[in-house]
Amino acid sequence: MTVLVAPDATAAVVTGRTEIRTVTRRPTIGGVVRFVGLSLWLIITLFPLYWIALTSFKSPQTVNVYPIEYWPSQPSVQNYLNLFEFNDFGVFVMNSAIVSLSAGLVATLIALLSAFVLSRFEFRSKGAVLVAFLLTQMIPAFIALGPLYSMMSNLGLVDSKFGLILVYVAICIPFSTVMLRGFFENVPVALEEAAMIDGCSRLGALFRVLVPVLTPGIIAAFIFNFVNCWNELFLSVILIHSTENRTIPATLNGFISTFNVDWGSLSAAAVVTILPTMVLFALASRWIVQGLTAGAVKE
């Protein structure tokens, strides 16, 4: 006799008949406190996103009305129309996409090669290089702003998307290298040795054997690089002057003036800015989780 029972029920066969006994789980004080705490944290986290989306769909006349509307009485897409018709926001989105994708791809490729070297080769200054990579993450960007701006100005790369891409690549490489090195450490050296015995060069073994194994980690590193470049404000404001080269963070900063804040357009721009990263994380969440856990423990 086959008995299908729910997870929270138990079954017993007594004298040829089946008796189902339901086990009721009593809530504990710790469980209630945990549920309430997580619920409050979720509300606190999601409410700003809800308020930004809500404000973006309010008409310009009702953004600052009192009493406060927690749901728009007259939903409107006028803020989005103004954003793309009068503010050339599509140009800024394209600029950010070009800069973030280019910097993310180049930084991930260079970090892949440098992480491979740091993982598979032994040399005298290896420890110093790793320490230097970690120390660069502790230095605020504004400390190096003077020398950086002077160097970029001498090279003629100020107010240039190419120059901004170079700066972002230099910023992303250290963290990506340390991150990918952990993934390489978790892959047996025997895999590439077997490929080299079969005739592959060392680079051939890297790209034909190791890269497919490290795909989750590479995707995770690229997404982190892309998001960091997409959201970066400080350097984009300092190094980019013209409107045609401006990125999204600098554009959002422009909606705040000395005497006024265009909340409707600012909220609409924020929604448009958040959506690509949300979609990217949603589509690649499986690889991100695999990548973050793959290098966590060395076997």
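## Arg-202 and the charged network

In this predicted model, Arg-202 has a relative accessibility of 34%, which places this residue in the partly exposed class. Arg-202 forms a salt bridge with Glu-192, and the closest N and O atoms of the two side chains are 3.6 Å apart. Because Arg-202 lies in helix H8 (residues 202–213) and Glu-192 in helix H7, this pair ties together parts that are ten residues apart in sequence. Glu-192, for its part, is buried, with a relative accessible area of 2%. Salt bridges that share partners join Arg-120, Glu-192 and Arg-202 into one network.

The other salt bridge of this network is the one in which the side chains of Arg-120 and Glu-192 meet, at 2.4 Å from N to O. Arg-120 lies in helix H3 (residues 89–120) and Glu-192 in helix H7 (residues 189–197), so the contact ties together parts that are 72 residues apart in sequence. Both partners of this bridge, Arg-120 and Glu-192, are buried.

## Salt bridges elsewhere

How many salt bridges does a search of the whole structure find? The search finds four, and among them is a bridge between Glu-122 and Lys-126, with the closest N and O atoms 3.2 Å apart. As background, side chains of opposite charge can pair when their charged atoms come close.

Is Glu-122 buried or exposed? Glu-122 has a relative accessible area of 69% and is therefore exposed, since the cut-off for that class is over 50%. Lys-126, in contrast, is buried, with a relative accessible area of 9%.

## Aromatic pairs

A search of the whole structure finds nine aromatic pairs. One of them is formed by Phe-47 and Trp-51, whose rings are stacked, with 5.9 Å from centre to centre and 25° between the planes. Phe-47 and Trp-51 are four residues apart in helix H1, and they are therefore separated by about one helical turn. Phe-47 counts as partly exposed at 39% relative accessibility, and Trp-51 is also partly exposed, with a relative accessible area of 26%.

A further pair, formed by Phe-175 and Phe-224, is edge-to-face, with 6.4 Å from centre to centre and 70° between the planes. Because Phe-175 lies in helix H6 and Phe-224 in helix H9 (residues 215–231), the pair ties together parts that are 49 residues apart in sequence. Phe-175 is partly exposed at 36% relative accessibility, and Phe-224 is likewise partly exposed, with a relative accessible area of 26%.

## Helix H1 and the nonpolar patch

Phe-47 lies in helix H1, which covers residues 29–56, and together with Tyr-50 and Trp-51 this residue forms one aromatic cluster. Phe-47 and Tyr-50 also belong to a nonpolar surface patch of about 1,400 Å². The other residues that make this patch are Val-32, Phe-35, Val-36, Leu-40, Ile-43, Ile-44, Tyr-66, Ile-68, Tyr-70 and Trp-71.

Why can Phe-47 contribute to such a patch? Patches are made of residues with over 30% relative accessible area, and Phe-47, which is partly exposed, has a relative accessible area of 39%, so this residue passes that cut-off.

## Backbone at Asp-159

Where is Asp-159 found? Asp-159 is in the loop between helix H5 (145–154) and helix H6 (161–185), and this residue is partly exposed, with a relative accessible area of 24%. The phi angle of Asp-159 is near 60°, a positive value in a residue other than glycine. For context, most residues other than glycine have a negative phi.

## The protein as a whole

The protein has 13 helices and two strands, and buried residues make up 37% of its 299 residues. Among contacts with a separation of 6 or more, 67% are accounted for by residues 24 or more positions apart.

The accessible surface of the protein comes to about 18,200 Å², and 68% of this surface belongs to carbon and sulfur atoms.

Key: Residues numbered from 1 in each chain as written. Predicted model: local features only at pLDDT ≥ 70, side-chain atom pairs only at ≥ 80, totals over all residues. Heavy atoms only, no water. Buried < 20%, exposed > 50% of the residue type's maximum accessible area, 1.4 Å probe, protein only. Patch = residues over 30% accessible without salt bridge, like charges linked within 9 Å, V, L, I, M, F, W, Y side chains within 5 Å. Areas by Shrake-Rupley, 256 points an atom, 1.4 Å probe, with all protein chains shown as cover. Contact = heavy atoms within 4.5 Å. Phe/Tyr/Trp six-rings, centres within 6.5 Å; stacked < 30°, edge-to-face > 60°.
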